[in-house]
Structure formats: C-alpha cells, structure tokens
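Me: I would like to go through this model and ask what lies behind each term. Please give the value, then the criterion, then the conclusion.

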Amino acid sequence: MTTRTFGEPILRREDPRLVRGDGRYLDDLGQGAYEVAFLRSPHASARILEIDASAAISVDGLIAIYTYEDLEGRMAERLPLLIPHPSLTAGRTGYSLAKEYVRHVGEAIVMVVASNRYIAEDAVGLIEVSYEIFPPVVGIESARAADHLVHADVSDNISAHMIQEVGDARSEIANSKHQIVLDLEIERSASMPLEGKGVYAVWDSDAKEMRLWSSTQTSTGVRAAVAAKLNLPLQKVECTAPDVGGGFGVKIMHPWPEEVLIPWAAQILNHPVKWTEDRREHFISSAHERQQSHHVEVGFDDDGRIAGLDVTFFHDNGSYTPYGIIVPIITSTQLLGPYKPSSYRVEFTSLYTNTVIVTPYRGAGRPQGVFAMERTIDAIANYLGMSRDKVRDVNFIQPGEMPYDQHLTFQDGRPLIYDSGDYPASMAMLKKMIGWDDFEEYQQLARLSGRKVGIGMACYVEGTGVGPYEGGFVQVETSGRVNVSTGLTSQGQGHQTAFAQIVSEELGVPIEDVFVETGDTRRFAYAVGTFASRAAVMSGNAIALAARSVREKALRIAGDALECDPRDLEIIGGVVQVKGDPTNCIPLKTIAVLSNPLRYAFDESAQAATQFAVGDTSKPPILEGEEPGLESRDYYSPLQSTFASGMHAAIVETDPETAEIKILKYVVVHDCGRLINPMIVEGQIHGGVAQGVGGALYERMEYDENGQLLNASFMDFLMPYATEVPFIETGHLETPSPLNPLGIKGAGEAGVIPGSALLASAIEDAEGFEIRKMPISPSELWQLRIDHQNGLVPTLKIGEKQK
C-alpha cells in the first residue's frame, strides 16, 4: 500500500459540489441584507456641479443615499496606491465616491441602499446629476498629444517613465550587418470572469467587529484595507472569499470602492449590506488591460543572432494607477522570453486616459511583450529567408547556461534570473507535435486546391511564484482527519486537490483524509493573494514545509511509543510503522492523541490522552520547546521568482472569400517544473488558450472619441464559444526549479501568453503579408488583403540568403 499522489492526475475534489450547483458564491449569501446600487458617471471627463436626490427620497423601501460629502475621516481620503514605484512619478488614485470630478464612464458618484436591489436601482434612476463636460482623452495617441488632460496636475498625461538597459543596444544595432524596424500594437481587452465583483458585510455593534465576504483574489488584502479605511483594529475585521466564479487578475485589485463602502454602510446602518456587480458595471467600472504600442529596432547577423534590441512602448493605464505600473514592468522584462540578445534597451511611458483603469489580467503584460519579441523573431527569419525555428534556435539560452541572469529588475524588485529550463528540448518537442518539418508540403498541396493555410509558433518565459511569502497550516486530528489551510484564495485552480496531494505525499496519509480551506482570514490571517501564477509555488511549498514538520513530530512521538529510532520509521496509509516490519506500528490518529495531554476525556480517543494514561511523571506533560497537538504552521518566502516557460504552435486556415480564420491544430509544450497534478495543469493551459484565442481573434474594448465604451455587453463584446476554441494537444517538459523544496513553477497564465503572437505568425504565413496589430477580425483581415493589393501592407520579404 502506498500513498503516492504527487504527480498523479487525480480528479479535482471540488468539482462534484460545484457541478451539482452546491457552490456558495457571493450573491448566494446575505439573504435579508440591505442591497446597494450605484449611480455611475455617464461621462468620461466632467465636473460634478450638483446632485439632486430629492425625487428619490420618497421611494418606498429606500434606506439611505450617500455621496462623497457623506464620507468622513479616512473614508474621505483617496483610495490607496497599492504598489508604489520610483518611476511612477505621477501616480493618482480615485475616491470611493467621486469628489468633484469624474474621469471615466462608470465612476461611482452616488451609493443607494435599499431593502432590495430593485428598489435601489429605481431610486438611482430618480437621482439627477448636473455636469460640466470636458473633452476626454481616449487612446494612446490622444494621451501623448496632451491637448487635454486627465488630471489637471499631470500636464503631459504621463504617470510613469522607465528605462532599463543591458549593454549598449543602440550602438550594437547601428553596427550590426542587418537592421529591422517594426511598429506593433495590441488593443485593449478585459478578463470577463463568469462572476463579477461582490461584497457582503455584517457589523457586530456589541463586539465592534466587522465580518465581510468578498469575491476577491486576496481576502487578507481586503481585510487590511477595510480595517485601515474604517479605522478598526485588524483583529476586529475578518474577510472570507467564498466560492469565486473566476478572477483572472481583476479581483487581485483591492480595495475596490465597493469593498470599503459596503462595510462602511453596514457599520453606519448597523445592518447587513450587500452589493453584487452586474455585467454592465463590470464592463465600465472594473478593470481592463493589454493596450500598448511598441516601436522595435533590432540588429542581427547573417545567422539571425540578435546583437541589439531596442524597444520603446507606450502603455495605456486608464484613469488611475492604483495597482502601480506592474503591467508595463512585466512587459518590459518578460519580452526577452527564452532569448539572449547581446544587448537590450527597453523604455516605456505609461499614460493616463479617460477610460477604465488598467490592472493585471491573466498574462499581465506578457502577451504584449511576447507579441513584440516573437513578431521580431519572425521578421528576422523573413528578412534572411531562414526558417523561423532556426532563428529561434540560434538565440536560445542553452540549458548549460542556467541559471541565466538577464541583468534586469523584475516586477518584484528582484533580479531577473532564470532558474531552469531547456528551450531547445521544448522546441524539438513542439516541432514534432505540430509536424513542423512536413508542413511545407501540406501547405503547397492546399494552395493548389485554393486553400490558404499557415503555421506559426511562439515562445515565452513566465516569471511565477513572486513573493513576498505565503503560509500553510497542517493539523492531524484524533480522528485521523488532516486539516490544511492557507491564506490565499481559490478561483478554480484546484487548490483543494493539489494542496491535498502535497500533504498526502509528504505526510503519508490517504488523500481522502485531507481537507483544504483557503481564503478565510479566520483560518489563516497572513497571506498575500492568488495572482501571478504563484499559488502552487508559494502556498504549495509552505504547506509542504508544515507537513514535513508534522511528520517529524509524529515520527518522534511514535519513536517513543514504539521504543525505536524515529529514523527507522515510515508513514504509509496514515500508519506509522517500523521499516521492514509493518506489524510494529501505530496509527497517526493515535499519535495525534498522544501529542495533546488532556485533563478531561470527551471520547475514547481523549481517554487515552489524559494525564493518568500518558506520560512520564518525572517530566512535564508538555516538554520545553514543544506545543500540544500534532500540527504545524510554516511560511515560504523565496529570494526571487521562478521562471516557467512554454512554446505554442498552430496551423490556421483563412477563407479566401470571407477571410474567416479557423484554427486547424493547436499544440502546447509547457515546463512548470515538477507537476503536482498533470490534469489540473492541462486544465489551466486549456483555459488560458481559450482566453488567448479570444484576445487574438475576438475580444477588444471599443471606445469612441467621447470615451463611451461601445460594446459594454455580451451582445457586443465578442468572446469565443467552445466551437471556436480548438482541441489542444499538450506536452509536458519538467525541469525542476532549484529554488524551492518541491521543485515546482507556476502554470496559471501559461496558456494565454503567446496567443496573439502565435496566431499572427500563422495568419501571416497563410496570407503572405505582415501582421502588425492584434486582435484581428475577418473584416480587418479582408481590409488588409485590399491594402496589400494596393501596396499599403508589406509583402513578406525575401532575404538575400534565400535569393
């Protein structure tokens, strides 16, 4: 009998409950609570002149109406700037309710509390607001021109400007035999989780305690923010993330205005209060991402080896910068991927616009960087007449060069040092899976029959497991039940399964005996959150360390009980036994009894633990340095991030008449170190690929010149259905990380990162002309064909080698 679970494709333990409809999401909570609706700005840039709520006062069921003028103390201050940075020289954040000015459509102005949401919405409709409307700043070019300002005290609309350089890239480019210049663009999109944001708060006026629930990716962060805003001791605030219907980054941003306003109202009214975001609110008042414009200059030799790479890009950060400049920093550093240019210079400018704020969305700046780098690699191959895989090969970091220092500073302020990876091996696996070497013949045959098919590839490296820390708690009860808790939250990652697998393996217990809780500050008070593909690396290792401590204590106690050396013991199936003599054993649950000397007996197990039944009377019941119970709490705090990697390849077909784009084959090779559960990793990859396909071919946020979001509904915002997501073949390469005890790396964002770069490469190969902007729709591809015929879009060039 063994309890090997690590690395096994165990079915997710959380799924039966969720599939049955037994999940408990935010809106399932708080029956009987007052409910909230918000009056939000219909204008992108305006001054609030007057708010007239007189018509709403008489609405039956109305409880309260609040504007900024009702906020006091810390609630009247700006929301926090969560991640300051020296380069963020003009960081600006908003207020919980707009103070005098609104800076994007959807900014909250008035909060209405009523006995139910319907009445609250009716009251909102009766409130009249007068505005002085200003010309808005929409898009990167408008922000750069600075004819109008988002913030009056930011005269150039620039929130941040940052340069990192390794070597002298511009000199290297100038002295290179070949040079290419590219201008590339990725448009704005958003994550669209199945469940929007939501908050439910209960104030205990006797105990002066706040209990709240939030659909968040960081319950500990929300807890701290609410305690600060309401001027409450941290120990008097508790926050739980219930079942969360998707996060994808938008819910790591905190506190949202609603996350402090709802508990504030609950405290004032001394009554439970709840707010659930509707879909339009999510479109116009949550967060977007992606929009960047890149100018790339590259110098290289006859073999395609990059001597110098110079990238300048502009990033649209929306109306405020509460989450700092994490996204463009990640773009600027992760752009290099698995390559090693001799020199690299990157400069970015982050700009204010009168649009929804920009915070990380799954991939978090990496899709833009990978698009820039992979388009550059393909352009070099095209220029030289070389195969695209060969240009990648000559620029790859080699396995023997690991750890590899890119000499840049990553988003966590730590050095960008790749810990492990085998990029040539990944490429070999990818080419075999997609049939790279045989594709040219297939393409020629297709063209003879009037079909347009193309093949593409894209590579990436992803920094995962960023600090500062996470913790884990493991406890063995006298029943044999093993309780595990960690502070970070879950939004579909399979934590209840993967973390149970870790404990089962480390502690030698059946996985059925392990129960995992996440995202509840009552269970675990100190944590950071679930984002940046960090949960398995951070909490997984913390839980493993805690389990190892429990194992060590169990073996020590068992050694005393069995009168043998703990080093001669092992734990199999929840039983501690002498190696080679399984009959000489003691159940782990009995050790849990022995670990906790009792005065009172509550059941048969407790009887065996009373002071009359256990212990050497010459010693205290609890030895010095020991604690009662078979349990341990531990933390994992890494020196730096660990770096996963992957490569995707796809074959596409573009319709000669309609320009419809169809994905015929899609393969992924991924390296996230040791796999805890291959099935869960593949699920993460599949979900990411779906979002990558969406971002490449369908999804975009379409603003007009007035700052109005034109497609703020699922009627108009196009997302791929299951019919548009291809079947995905996945290959796993495991290069363990030397940086953590489990040798693992993150996997949560892998699928989405190279989507735009990959499909641009494949479409370009099918069409024979350059693709510089994503996403791309059939109508846009059709127009590019016309522009290409008129000489406005460059044909794929033939380099001198091919000539």
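Me: Which element gives the most to the lining of the second largest cavity, and with how many residues?

Reply: The model is a predicted one. In it, α17 gives the most to that lining, with three residues. The second largest cavity has a volume of about 130 Å³. Its lining has 16 residues, and Arg290, Pro367, Gln691, Gly695 and Ser756 are the closest to its centre. Two or more lining residues come from each of α17 (678-697) and α18 (755-767).

Me: How do you know what counts as nonpolar, polar or charged in the lining of the second largest cavity?

Reply: Residue type decides: Asp, Glu, Lys and Arg count as charged, and Pro is put with the nonpolar residues, so Arg290 is charged and Pro367 nonpolar. Gly counts as polar, so Gly695 falls in the polar class. Over the lining of the second largest cavity this gives seven nonpolar, six polar and three charged residues.

Me: What makes a space in this structure a cavity, and how many of 30 Å³ or more are there?

Reply: A cavity is a set of points where a 1.4 Å probe fits but cannot get out. A search of the whole structure finds seven with 30 Å³ or more. The largest cavity holds about 250 Å³, so it passes that cut-off.

Me: What lines the largest cavity, and which domains does the lining draw on?

Reply: The lining has 20 residues, with Leu79, His104, Trp256, Pro257 and Tyr320 nearest the centre of the cavity. By class, 10 are nonpolar, seven polar and three charged. At least three residues come from each of domain 1 (32-134) and domain 2 (292-466 + 639-802).

Me: How is the chain divided, and how many residues does each side give to the contact between domain 2 and domain 3?

Reply: The domains are domain 1 (32-134), domain 2 (292-466 + 639-802) and domain 3 (467-636). The C-alpha centres of domain 2 and domain 3 lie 43 Å apart. Their contact takes 22 residues from domain 2 and 22 residues from domain 3.

Me: Why are β3 and β11 said to stand at the edges?

Reply: Their sheet is open, with seven strands in the order β3-β5-β1-β12-β9-β10-β11 and mixed pairing. Each of β3 (62-66) and β11 (237-240) has a single partner strand, so one side of each is left without a neighbour in the sheet. Neighbouring strands there are turned by 20 degrees against each other on average, direction ignored.

Me: What makes β10 and β11 a pair?

Reply: A pair needs at least two bridges, and β10 (209-214) and β11 have four in the parallel sense, so the criterion is met. In β11, Glu238 is the bridge partner of Arg211. Helix α5 (219-229) lies across β10 and β11, at about 150 degrees to β11.

Me: How do you know that β18 pairs with β26?

Reply: Here 13 bridges join β18 to β26 (642-654), against a requirement of at least two, so they pair; they run antiparallel. Gly456 stands opposite Ala650 in β26. Both strands belong to an open sheet of four, ordered β18-β26-β27-β28, with mixed pairing. At its edges are β18 (452-464) and β28 (728-732), each paired on one side only. The twist averages 15 degrees from one strand to the next. Helix α12 (439-448) lies across β18, β26 and β27 (661-671), at about 140 degrees to β18.

How values were computed: Residues numbered from 1 in each chain as written. Predicted model: local features only at pLDDT ≥ 70, side-chain atom pairs only at ≥ 80, totals over all residues. Heavy atoms only, no water. 1 Å grid on protein atoms, 1.4 Å probe; cavity = no way out; pocket = protein on both sides within 12 Å on 5 of 7 lines; lining within 4 Å. Domains from an automatic or database assignment. Axes fitted to C-alpha atoms, helices over the stretch in contact; angles between N-to-C directions. Contact = heavy atoms within 4.5 Å.
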